[in-house]
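Visitor: I should be grateful for a close look at one part of this protein. Please begin with a single loop and then place that loop within the chain as a whole.

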Amino acid sequence: MATIEEIPHELLSRILEYLHPKDLLEAMLIPKVWDAQCNFFWNNKYVSQHIRQLRQDGKPLEALKASFEDAKRTDIRQDELTAIDWCFRFKEDAGSNWLSVDPWWLGNKPRVIRFHDNGILTGFELVNFTWKFTRPNRQILGKSDRVVRIHVFPTIHFFRCSDNWEWIGESAWVQITSFPMPLRGVDPNLEQSRVFVHHQVREIIAYNNGLDWESQDPDQQETLDELTGLVEEHMSSQIIANNPEV
């Protein structure tokens, strides 16, 4: 006789549909029923360790509910960030100089980087960078209030992949994934940008002019404000010119 864990999810769901309400309630109180649901829904999914621990502690229903809610979370924790070997690639807007030295753009597997708890980022051939959590210069799609900044580059915002609940991090110039990044051209959907230059104009202008958008004196602040305003005005006029109906 098959155990609950061996019954396919679809068949188990059909069985539960035919139970009397009283029997259904009793069945729902059986941890193994929810344990089987965890097996099904968590297959090939990212589920954080503290939620998996709930299941191991004999609370599979609480774990399952928490996993569905957690799959929508975009505030990545430091213990998660530093536990992952991240796949890294530059995006087209980073420019030809960066693309010419990027393995992914050259048709190879992406570079792998690692965030360390001491604030050091490793994985680049010539130098290690610093990293930190900071607040976004600009909210993007109503996402996280906390982003990652590597050195003085534009900040990385985090998203979740609906297929596997894994992490995707992006700035206007780079993309990182917590799962194996397919070779260039294999997954066009993943290659579509979520963060664009117009989202990070101020950060990019600051970088290109040797300024730090998080720390400026009054004169630098005024210069950065003026340059940002000019560039955003130019970008807006270009959008209108290319889309007369806007």
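Guide: Trp165 lies in the loop between strand S6 and strand S7, the latter covering residues 167-170. Please bear in mind that the model is a predicted one. The backbone at Trp165 deserves attention, for its phi is near 65 degrees, a positive value in a residue other than glycine. As background, most residues other than glycine have a negative phi. Although Trp165 belongs to a loop, the residue is buried: its relative accessible area is 10%, and any value under 20% counts as buried.

A second loop may be set beside this one. His151 is found in the loop that links strand S5 (147-150) with strand S6 (157-160). Phi of His151 is also positive, near 55 degrees, and His151 is likewise not a glycine. Its surroundings are described by another class, however, because a relative accessibility of 40% makes His151 partly exposed. Thus strand S6 is bordered by the loop of His151 on one side and by the loop of Trp165 on the other.

A positive phi also occurs at a glycine. Gly210, which follows helix H9, has a phi near 70 degrees. Helix H9 itself spans residues 201-208, and six of its eight residues are buried, so the helix is largely enclosed by the rest of the structure. The buried residues of H9 are Val201, Arg202, Glu203, Ile204, Ile205 and Ala206; the charged residues Arg202 and Glu203 are therefore among them.

Burial can be followed further, to helix H5, where Leu64 has its place. Leu64 counts as buried because its relative accessibility is 4%. Leaving aside residues up to four places away in sequence, Leu64 touches Trp34, Gln37, Cys38, Phe41 and Trp42. Sequence and space may also be compared for Leu64 and Asn39: they stand 25 residues apart along the chain, while their C-alpha atoms are 9.7 Å apart.

Helix H5 (residues 60-70) also packs against helix H4 (residues 49-56), at an angle of about 160 degrees and with the two axes 7 Å apart. Such an angle makes H4 roughly antiparallel to H5, since angles over 145 degrees are placed in that class. The crossing of H4 past H5 is left-handed. On the side of H4, the contact is made by Ile51, Leu54 and Arg55, and on the side of H5 by Pro60, Glu62, Ala63, Ala66, Ser67 and Asp70. Sorted by class, these residues comprise five nonpolar, one polar and three charged.

The cysteines offer one more point of detail. Cys87 is buried, with a relative accessibility of 10%, and Cys161 is buried as well, at 15%. A search of the whole structure nevertheless finds zero disulfides.

Finally, the parts may be placed within the whole. The protein chain contains ten helices and eight strands. It has 246 residues, of which 41% count as buried; Trp165 and Leu64 are included in that class. If one takes the contacts between residues at least 6 apart in sequence, 51% of them join residues at least 24 apart.

Notes:
Residues are numbered from 1 along each chain as its sequence is written. This is a predicted model: local features need pLDDT of at least 70, side-chain atom pairs count only at pLDDT 80 or more; totals for chains, interfaces and linings use all residues. Side-chain values use heavy atoms; hydrogens and water are left out. A disulfide is a pair of cysteine sulfur atoms within 2.5 Å. Buried means under 20% relative accessible area, exposed over 50%, partly exposed in between (1.4 Å probe, protein chains only). Axes are lines fitted to C-alpha atoms, for helices over the stretch in contact, and angles run from 0 to 180 degrees between N-to-C directions. Helices (H or I, at least four residues) and strands (E, at least two) are DSSP runs, numbered from the N terminus. Angles under 35 degrees count as roughly parallel, over 145 as roughly antiparallel, 65 to 115 as roughly perpendicular and the rest as oblique. A crossing is left-handed if the near helix is turned anticlockwise from the far one by less than a right angle, and right-handed if clockwise. Contact means heavy atoms within 4.5 Å.
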